[in-house]
Amino acid sequence: MTSAFDLIVIGAGPAGEKGAAQAAYFGKRVALIERAPHPGGAGINTGTVPSKTLRETALYFSGLGQHGLYGVDYQVKSHLTVKDFMYREQEVVRSLRQVVTENIVRHKIQLLRGHATFEDPHTLRVTRENEPDRLLTGDVILVATGSVPTRHKDIPFTDTRIHDSDEILEMVNLPRTIGVVGAGVIGCEYTTIFAALGIKTSLIDGRDRLLGFLDAEVAEQLKTQMGLLGVDLRLKESVVSYSPETDGVRLQLKSGASLLVDQVLVAAGRVANVRTLGIDRAGLAVNERGLITVNESYQTSVPHIYAAGDVIGFPALASTSMEQARVAMVQAFDLPKYKTRVAPIFPLAVYTIPEISMAGETEETCKQKNIEYCIGRAFYRTNARGQISGDLGGEIKLVFRYPDKLLLGVHIIGVSAAELVHIGLIALQTECTIDMFVNTVFNYPSLSDVYKYAAYDGLGAVQRRAAAEAAG
């Protein structure tokens, strides 16, 4: 049985769903293939939404959200179970799965369950257990199969106490101790979640600092906050062997030290999910990093095949993946040109405890590009809403060009960082100077007001530098 479509989308994650909806909105006949039990991809089912929901759950059960408010030392409830911990995550995931399903139905997209493999550049075979195979032909194909956790063959994942970043959500018991291997975004997020719950957490990574894409000052603050949570942080260190024992898993470290922990999370990166797709039969190949190469319109080397999301690599964010797929469909079907590119400046958020978000240049990238810059800072502890919220460690940092004060970067660590960054993001996209913040009236009390005082601090930095140059 063969069916013909204007568009076939492989993968119902953020990129696949939005790309399919974009084409269907303009009357294209669309098939969406998904092999997982539920649509939504890692964004909803195993990654983005679940881990961020667990973060809020950890804040609730630990009382960290109330620390500093009432002078009370909160402790994690001693009777906390995995069911308690996972309840809210499961409810949120269930709700958002329904949102995605309703969007698919509303756009009259044909959702096909099963595993897709290329037969040729225009034909896909869909297989599903206990059902006959289906052959689909598409004028345009969008590959949006996402990524999967890296699984090195020397790590005994068959032991139920050793998890990758997808499986960690299936743990049966909350451990007393856990080792997190890999201090990328996922590793850092889960480290602070576990530590907030009172679990003795060791974070191990071979690099000499946390999250190299962050402004170094903010990364150092995160390191300090991890210390306050009791994290055993081991940088410039690596695991050379994993040895399951009766009482736990022993991690033998390169330094010669060893750790015995109840459970292990291996967060050693992710790879494009194309291994079983048969992309060679489509005339495609992956690059040296295992990713599909695309042009600025997300078109592959085969003109009618497009790719978007994690499968093409950086930035591998749900937010940018959706936009990439929309741009691809506008190009593929010559749709009205309302969206011809993904915005060149986009926000990044790390949902650690505390939360971090950024957009634009860091101090380090300014130095690399030989950009003359100044810094303006403001702190939650001097902000009325910051005091009310109890977050006395939060900070905003503005990076701007000298001497014209053009905003170049925004960096925030603290409560609501992922929301507050958008104020700076709009300023970056509209090429504003920090004077815009000085001249804006913000609600009082509000955390947004930190922008004004960071800008005032920046003006002081400009004046000091100008005075020094005049004197010298």
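1. Helices in this note are DSSP runs of H or I with at least four residues, strands are runs of E with at least two, and both are numbered from the N terminus. On that footing, Glu 431 falls in the loop between H10 and H11. The model under discussion is a predicted one, and the points below should be read with that in mind.

2. Glu 431 deserves a check of its backbone, since its phi is near 55°, a positive value in a residue other than glycine. A comparable entry is Asn 370, which also has a positive phi near 55° without being glycine, and which is placed in the loop between helix H8 (363-368) and S20. Most residues other than glycine have a negative phi, and most peptide bonds are trans. As for their surroundings, Glu 431 is exposed because its relative accessible area is 63%, and Asn 370 is exposed with a value of 69%, where the cut-off for that label is over 50%.

3. Two cis peptide bonds may be noted alongside these phi values. One joins Tyr 402 and Pro 403, with omega at about 10°, and Pro 403 belongs to the loop between S21 and S22. The other runs from Tyr 444 to Pro 445, with omega near 0°, and Pro 445 sits in the loop between H11 and H12.

4. Helix H12, covering residues 450-471, contains 22 residues, and the distance from its first C-alpha to its last is 32 Å, close to the 32 Å expected at 1.5 Å a residue. Its buried residues are Val 450, Tyr 451, Lys 452, Ala 454, Ala 455, Gly 458, Leu 459, Gly 460, Ala 461 and Val 462. Among the elements that cover these buried residues are three strands, S20 (373-379), S21 (395-401) and S22 (407-413), together with helix H10 (417-429) and helix H11 (435-438).

5. How do helix H3 (residues 48-62) and helix H5 (residues 185-196) cross, and within what distance do their axes come? The two axes come within 9 Å and cross at roughly 25°; because that angle is under the 35 degrees used as the cut-off, H3 counts as roughly parallel to H5. The contact is formed by Ser 51, Lys 52, Leu 54, Arg 55, Ala 58 and Ser 62 on the H3 side, and by Glu 189, Tyr 190, Ile 193 and Ala 196 on the H5 side. The handedness of the H3 and H5 crossing is left-handed. An α-helix has 3.6 residues a turn, so residues three or four places apart point the same way.

6. H5 itself can be tested against the expected rise: at 1.5 Å a residue its 12 residues should span 16 Å, and its end C-alpha atoms are 17 Å apart, which agrees. H5 is mostly covered, with 10 of its 12 residues buried; these are Gly 187, Cys 188, Glu 189, Tyr 190, Thr 191, Thr 192, Ile 193, Phe 194, Ala 195 and Ala 196. After H5 comes Gly 198, with a positive phi near 85°.

7. Why does Cys 374 not form a bond with the closest cysteine sulfur? A disulfide would need a pair of cysteine sulfur atoms within 2.5 Å, whereas the sulfur of Cys 374 is 10 Å from the closest one, in Cys 366, and so is too far for a bond. The sulfur of Cys 432 likewise has Cys 366 as the holder of its closest cysteine sulfur, but at 17 Å this is too far for a bond. The count by this rule comes to 0 disulfides. Both cysteines count as buried, because the relative accessibility is 7% for Cys 374 and 18% for Cys 432, with the cut-off set at under 20%.

8. Glu 361, in the loop between strand S19 (356-360) and H8, counts as buried because its relative accessibility is 18%. Not counting residues up to four places away in sequence, Glu 361 touches Cys 366, Lys 369, Val 399, Leu 408, Gly 409 and His 411. Pro 37 is 324 residues from Glu 361 in sequence and 40 Å from Glu 361 in space, C-alpha to C-alpha.

9. Ala 20 belongs to helix H1 (residues 14-25) and is buried, with a relative accessible area of 0%. Leaving aside neighbours within four places in sequence, the contacts of Ala 20 are Leu 7, Val 9, Val 30 and Ile 109. Between Ala 20 and Gln 110 there are 9.7 Å in space, C-alpha to C-alpha, while the two are 90 residues apart in sequence.

Definitions and conventions
Residues are numbered from 1 along each chain as its sequence is written. This is a predicted model: local features need pLDDT of at least 70, side-chain atom pairs count only at pLDDT 80 or more; totals for chains, interfaces and linings use all residues. Side-chain values use heavy atoms; hydrogens and water are left out. The expected span of a helix is 1.5 Å times one less than its number of residues. Buried means under 20% relative accessible area, exposed over 50%, partly exposed in between (1.4 Å probe, protein chains only). Contact means heavy atoms within 4.5 Å. Axes are lines fitted to C-alpha atoms, for helices over the stretch in contact, and angles run from 0 to 180 degrees between N-to-C directions. Angles under 35 degrees count as roughly parallel, over 145 as roughly antiparallel, 65 to 115 as roughly perpendicular and the rest as oblique. A crossing is left-handed if the near helix is turned anticlockwise from the far one by less than a right angle, and right-handed if clockwise.
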